[in-house]
Amino acid sequence: MKPQPHANPAPTLSSGSATSLHALVARIIRITLFAAWLGVGASSLSAADFKDRYFEGEGDPESLRLLDISRRMFAPDPEYLSLPMLYQPSWNGLVEGPTWGAWWIQNSYGTTYCGLPFYEEPLFTFLKHAQQLWFDKLGDGKTSYVWNGKDSWVPPDGCLMDCANETWAMHRQGDGRVAMHDWAVEFTAAGGLLQSELLLISRNRADLAQYLPKLERCANFIETRRDPTNNLFWAGPAANLLAPSYAGWKKPDGTYGMAYLAGLSVTYIAFLDRLVELEKLAANPALETRYRQRRETARAGLARLDDGEGCFVKSIDPDGTQHGVYGAAHFGYFETSPNHDAIAFRVVDDAQSRRIYDKIASIPGLRPHHLILPNAPSLDDMYEAPTGLWSNGTWVNGGHWTTCEARMLLAYFRLGKYADAFASMRQIMTFARRFRMDNPLVQFGDEVYQPNEPINVTYDAFGAPAGLLRGLFEYLYRADGLTLVPHLPTGLERLEQKFPVRFGDKRLYLAAAGQGPIREVWLNGKPWKQFEAGSVFLPYASLPRAAAIQVLMGTAKAKPFRAPPVDRETPTLPKLAYEWPKTAVISTNPLPVRLGADSAGGSRFRGDLAQAAIFNRALSQAEISALETAPPKDSSLVGYWDFADETKGGFVSRAKGELPAKKIGAVTAVEGPVGKAIRLNGEGYLELAPVPALSLTKGGTWFALIRPETTAGRLIDKCPVGGSAGYTFDLYPGNALRLITDAGTVSFAAKLPPGQWARVAATVDARGHSVLYLNGQKVAESTRTDAASEDLAALTRRVERLRRFHRLMVQSGSPEAYETAHARLVIDSFTATCRRFDRLRAGKLEPLPAASQTAADRLYLSTTAKLTTGLEQVLERYRTSTDSTQQRDYGLWQKSAH
């Protein structure tokens, strides 16, 4: 999973803690406010007609309302955080979160799988570009990847990764003791499944030709882990999807080796289900047979992973020891991922699915707040003790991950456990209403991990609304057609989806009514005969381009239902009547400044530090260069440490004002290149008291003379871990320089060699312009792209130009093109922003706390700005394209300037 800071487990009421009572009261208040916001009480939840933006229906209004909200979260909305807020212009795709500059397999797994059927353009292209980051860096057995600036990896052929962005990839899980981790084996199966599902849905022949050979290599890599004696699969430490919660086999000598991992078998079988269909779609009968045989033998081996009660263990050691048998004296926890995934992906039959669910339901510790936890009780077989980051209820050991909740929701719907599904979404809404869609969730799923951030948004967190939506009809894509498995929640008499579901170039609009076995199916007003008691089959070749499909169960009667007309009109733009509040370029926070560690004491720098300086303004390049030859003399200098004088357990600052750098842990004085230095070996760091002078609200400069041992870790830090409210100057992800502030992130692949001195500096000015320097030379810069610093009139003009471009694209006969859809998304984002500000002024939206409100306003504006920037960059690249369609689109883009 993503790197996370240390935290303590939540106290429980049984401890008599006042904090626990406060948390319980706060939770009751949140739930009460949520019910009041829904406008329903115990007496008002009666059957009624419902009609909103994405759903119509009859029945329980709360359930219908939650379904509509779930779909609203995947389009610009004036009230809710939405998926387009995770757009990254540099690769024209999605990013895990504003503070997570990459795309993770395990974190995106549940959200993507559940959301794919209804990801329309441009979201579909955004997702495709995000997943392309993985396959562009697929292991080939030859290419080396550098980790930590010191160790070099050559991933085996067909191996995917934990995460990737444009410049780097982690082919091992990137947290914990990375050097001892196995390759990303189950990640490869999950990434292969996601890409296969995408291809089955899009049916794009060019993409199929590009990616099918790579998917075959992924399957072949996993086959290298098959034990032919039992058809189980070997995996070492942190090779599981909820890594690094799995240590593999602890050998008698204390080292860790491989064991049989249940999750790998389950995920690989689900991947092979889809790979078989892709080979059929590509007309490769020999390969179809090969992967079908591999799947059946893997299924045969899966039975060996049974815990004796119809559930799956987590793993089995080579000596036969089982991990994850609930109630056992050792390793007696229940591991949910392989179990709920087996239900969600139909790896097991209905009878075993019910046994698994019954076991989950019988263990109160798995869902204390209606959200599934990865395990309960606490793990006792990790390679680290369950303290700090590894504490129960905090991270991978009993913390909640909504990517897993998405798959749990599919299991609920398959088994008709609708109350569980809606209870899950209600809990997620307590975070959504506060703009705190964070992941993981700590305190066993009841609180955000990053409480110091004013707002949170992560891709993981959209797993619950995505799961609620896919669960309704399940959507089993095949080479020759699509199977719908309707699951109409109890309490709903009728349901109509007013948004399309994708299948190649077809768009399906779905409705269902009644309970019990399917009795009738209608397609565009005509009877449809290809159905059974529990499912409907839709051959691709027989479907019209727009299909309105109505499924009637039990005694339900047909009602008029047709596909709505496609809105291809270019909307007018509302007026953006908004005055951006005067905000600092760097937010204040109560955290100390740390030299050599993050705000949680982690991400420690290893090496020598000879000089460090902090200024309260952005120095020029000439001033940065002068720091290399003389100590700084400037009224803007806040602190300067050359470590020549040590006193009272720290080092004095030579700037005006006293800012001693206090030693925390092991910090050793050594000789430096121009005097004294300190050596940090990972056991200590320095800390500065959080005085106002260190807030740097109008910008600043950070300078250091370093000799890294391994080029990773924090240099100067005042950010909450995983956040940007403050400043972080560090070496990340290894060999690189990075600056994080509220103005954004700027990084440079510096390739710093271990053991050599380097002068590094970073600046950000009051406008949000960030610059990185290496040995006095400017190496990277970034201008703040959010609308907080941009003239709002200029943003409006840019959006207006894209509006003209949209109209020209529609007139040219390309209303469904990606570029047209991207332009429409810009318009919709701008419109949602205007409507939000109008509603806030009119008192029609509940305001957030001041800091959160400012951050939310900034996010709405910056989302519009980023979406605009991204499409502008795409269209400008078409200038030199030889593709005739792209040449035409560039011509329309040029025409839209007038």
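## A buried aspartate

A residue is buried when its relative accessible area is under 20%. D162 has a relative accessibility of 1%, so D162 counts as buried. The model is predicted, and every value here is computed from it.

D162 sits in the loop between β7 (151-153) and β8 (163-164). A polar atom of the D162 side chain lies 3.0 Å from the backbone nitrogen of G174. Contacts of D162 beyond four places in sequence take in M1 as well as W103, W104, I105 and Q106. The list of residues touched by D162 also holds M170, R172, Q173, G174, A184 and F187. G174 thus appears twice for D162: as the residue whose backbone nitrogen lies 3.0 Å away, and as one of the touching residues.

## Helix α7 against helix α9

Two packed helices are described by the angle between their axes and the distance between the axes. Helix α7 covers residues 262-281, and helix α9 covers residues 337-344. Their axes come within 9 Å and cross at roughly 15°. Angles under 35 degrees count as roughly parallel, and α7 and α9 are therefore roughly parallel to each other. The crossing of α7 past α9 is left-handed.

Which residues of α7 and α9 meet? From α7 come A262, G263 and V266. From α9 come P338, D341 and A342. By class, this contact of α7 with α9 has four nonpolar residues, one polar and one charged.

## Helix α9 against helix α11

Helix α9 also packs on α11 (402-415). Here the axes come within 8 Å and cross at roughly 50°. That angle makes α9 oblique to α11. The crossing of α9 past α11 is left-handed.

On the α9 side, the contact is made by S337, H340, D341, A342, I343 and A344. On the α11 side, C404, R407, M408, L410, A411, R414 and L415 take part. The residues of the α9 contact with α11 divide into eight nonpolar, two polar and three charged. D341 and A342 of α9 serve in the contact with α7 and in the contact with α11.

## R407 in α11

R407 lies in helix α11. Is R407 buried or exposed? Its relative accessibility is 2%, so R407 counts as buried.

The side chain of R407 reaches the backbone oxygen of T403 at 3.0 Å. Leaving aside neighbours within four places in sequence, R407 is in contact with S337, H340, D341 and A344, among others. Those four residues also belong to the α9 side of the contact with α11. Other contacts of R407 include Y109, G110, L241 and F345.

## L67 in α2

L67 is part of helix α2 (residues 61-72). With a relative accessible area of 0%, L67 is buried.

How many residues apart in sequence are L67 and P465? They are 398 residues apart, yet their C-alpha atoms are 7.7 Å apart in space. Not counting residues up to four places away in sequence, L67 touches F55 and F422. L67 also touches the leucines L468, L469, L472, L492 and L495.

## Cis peptide bonds and positive phi

Most residues other than glycine have a negative phi, and most peptide bonds are trans. A cis bond joins A243 and P244, with omega about 5°. P244 is placed in the loop between β11 (232-235) and β12 (249-250). Another cis peptide bond runs from A376 to P377, with omega near -10°. P377 is in the loop between β18 (375-376) and α11 (402-415).

F331 is not a glycine, yet its phi is positive at about 55°. The loop holding F331 runs between β16 (322-323) and β17 (334-335). At 21% relative accessibility, F331 counts as partly exposed. N524, also a residue other than glycine, has a positive phi near 50°. N524 is found in the loop between β28 (518-523) and β29 (526-527). Its relative accessibility is 37%, so N524 counts as partly exposed.

Technical notes:
Residues numbered from 1 in each chain as written. Predicted model: local features only at pLDDT ≥ 70, side-chain atom pairs only at ≥ 80, totals over all residues. Heavy atoms only, no water. Axes fitted to C-alpha atoms, helices over the stretch in contact; angles between N-to-C directions. Helix = DSSP H or I, 4+ residues; strand = E, 2+ residues; numbered from the N terminus. Parallel < 35°, antiparallel > 145°, perpendicular 65-115°, else oblique. Left-handed = near helix turned anticlockwise from the far one by under 90°. Contact = heavy atoms within 4.5 Å. Nonpolar A, V, L, I, M, F, W, Y, C, P; charged D, E, K, R; others polar. Buried < 20%, exposed > 50% of the residue type's maximum accessible area, 1.4 Å probe, protein only. Polar contact = N/O pair within 3.5 Å; in protein donor to acceptor, adjacent residues only side chain to side chain.
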